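Biologist: I would like a close look at the empty spaces inside this protein and at the part of the chain beside them. Please go through it step by step, for someone new to structures.

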Amino acid sequence: MFQLQSTWDCIRQYETWLRSPFFPILFSLTVYLSFCLPFVVLDLLSSRVALVRRYKIQQKSQVTLRMMWTCLALSLYNHAVYIFPLSVLHWYWRPISYPVEAPAALAVVRDLASCLLLFDFQYFVWHLLHHRVPWLYRTFHKVHHKHTSTFALTTEYSGAWETLSLGFFAAMNPMLLGCHPFTEMLFHVLNMWLSVEDHCGYDLPWATHRLVPFGLYGGAPHHDLHHQKFKTNYAPYFTHWDKLLGTLQSE
C-alpha cells in the first residue's frame, strides 16, 4: 500500500498536466508507440538475424518501412481527427477528480482483472458480429484485415468506427466499474500492451500466453491465426468465449 501511495503521490504532482485536454491523446500515443518500438526493431532485424526470425510466427513474411508508415499514418490520423476532439469534449463535460489516497493493492488487481475480462467479452461480441454480418465486415472491419501477417503497428490499423467503438469500451469500463484513476491508467497501459503483443507477429519465450497456464490466454499466435483464417479466434485475449462458441483454433 505504501509503494502504491508513493507512486500515486508522484503522479499527482503533475495533476495540472493530467487535467489538460491534451493529456489523453499524448498518453495514448506515447504508450502505444513505446510498446510498438521494440517490435519495430525486431521487424527491421528479422530479415538479417536468424535468431530473431526464429521467433517470427509467419517466417516467410517481411515487414517493410512502407507498410510500417502506412499503419502509423492511419493511427496518427485517427488520433488527430477523431480521438482528440472527443477527448476535448470529455474534458469539458466530465472533469476528472484525482483523490489524495491511492487504491488498495487488492482493489487494483480486482479492478484490472474485471476491466480486462469485460473488455474481452465486449470485443468478442463486437468482433464476431463484424465477421458474421457481411455488411459490417465490408464497411467497417475489412481495413484491419488488410494484413494477413500481423506486426505491431497493425494494432491500430483500423477505420474510424472500429477505433472509436473499441476505444469507447476501453474508456467506459473503468468508469462503469468505479475504478480509481490510478487503476484506470494501469488498465489502459495493460490493455495497450496486450493489444500490441497480440499483433506483434512473434511467439517469444516470455510472451503472456506462455505465462498464463492451461491455455486460458491466446496471445500473438492465437490472433495471428485469426488474421490468416478470418473465421476463428475472435476474442482478443482469453480463449474461453471461443471455446464456448466453437470458434477456437490453435493451428
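**Spaces and the helix beside them**

Modeller: Searching the whole structure turns up one cavity of 30 Å³ or more. The model is a predicted one, and every value below is computed from it. The largest cavity holds about 40 Å³ of space. Its lining is made of F39, W193, E197, C200, Y202, L204, W206 and A207. Sorted by type, that lining has seven nonpolar residues, no polar ones and one charged one. The charged one is E197, since Glu counts as charged.

Next comes a pocket, an open space. The second largest pocket has a volume of about 250 Å³. It is lined by 16 residues, and those closest to its centre are G218, P221, H222, Q249 and S250. The lining of this pocket divides into five nonpolar, eight polar and three charged residues. Which helix gives the largest share of that lining? Helix α11, residues 219-229, does so with five residues. The rest of this answer therefore starts from α11, which gives the largest share of the pocket lining.

Helix α11 is mostly covered, with eight of its 11 residues buried. The buried ones are G219, A220, H222, H223, D224, L225, H226 and H227. H222 appears in both descriptions: H222 is buried in α11, and H222 is among the residues closest to the centre of the second largest pocket. A general point helps in reading such a list. An α-helix has 3.6 residues a turn, so residues three or four places apart point the same way. The buried residues of α11 pack against α6, α7 (134-141), α9 (181-199), α10 and α12.

The loops on either side of α11 deserve a look too. In the loop between α10 (208-211) and α11 sits F214. F214 is not a glycine, yet its phi is positive, about 65°. F214 counts as exposed because its relative accessibility is 73%, and the cut-off for exposed is over 50%. Just after α11, F230 also takes a positive phi, of about 75°. In the loop between α11 and α12 (240-245) is N233. N233 has a positive phi as well, near 55°, and is a residue other than glycine. Is N233 buried or exposed? N233 is buried, because its relative accessible area is 0% and buried means under 20%.

One of the helices that α11 packs against is α6, and α6 (residues 105-132) holds D120. D120 is buried but has no salt bridge. The nearest side chain of opposite charge is that of K243, 12 Å away, while a salt bridge needs a nitrogen and an oxygen within 4 Å. What does D120 touch, leaving aside its neighbours within four places in sequence? D120 is in contact with A235, P236, Y237, F238, H240 and W241.

Salt bridges do occur elsewhere, and the structure holds five of them. One joins the side chains of R110 and D111, at 3.1 Å from N to O. The partners differ in exposure: R110 is exposed, with a relative accessible area of 52%, whereas D111 counts as buried at 9%. A second pair is D203 and R210, whose side chains meet at 3.1 Å, N to O. D203 is partly exposed, with a relative accessible area of 21%, and R210 also counts as partly exposed, at 48%. A third pair is E15 and R19, where the closest N and O atoms are 2.7 Å apart. E15 is buried, with a relative accessible area of 19%, and R19 is partly exposed, at 35%. E15 and R19 also belong to a network of salt bridges that includes R12.

To return to the starting point, the cavity holds about 40 Å³ and the second largest pocket about 250 Å³. Helix α11 gives the largest share of that pocket's lining, and eight of the 11 residues of α11 are buried.

Note on methods:
Residues are numbered from 1 along each chain as its sequence is written. This is a predicted model: local features need pLDDT of at least 70, side-chain atom pairs count only at pLDDT 80 or more; totals for chains, interfaces and linings use all residues. Side-chain values use heavy atoms; hydrogens and water are left out. Helices (H or I, at least four residues) and strands (E, at least two) are DSSP runs, numbered from the N terminus. Buried means under 20% relative accessible area, exposed over 50%, partly exposed in between (1.4 Å probe, protein chains only). Lys and Arg count as positive and Asp and Glu as negative; His and the chain ends are not counted. Contact means heavy atoms within 4.5 Å. On a 1 Å grid over the protein atoms alone, a cavity is a set of points where a 1.4 Å probe fits but cannot get out, and a pocket is an open set with protein on both sides within 12 Å along at least five of seven lines; lining residues have an atom within 4 Å of a point. Grid points are joined across faces, edges and corners, and a volume is the space filled by probe spheres set on the points.
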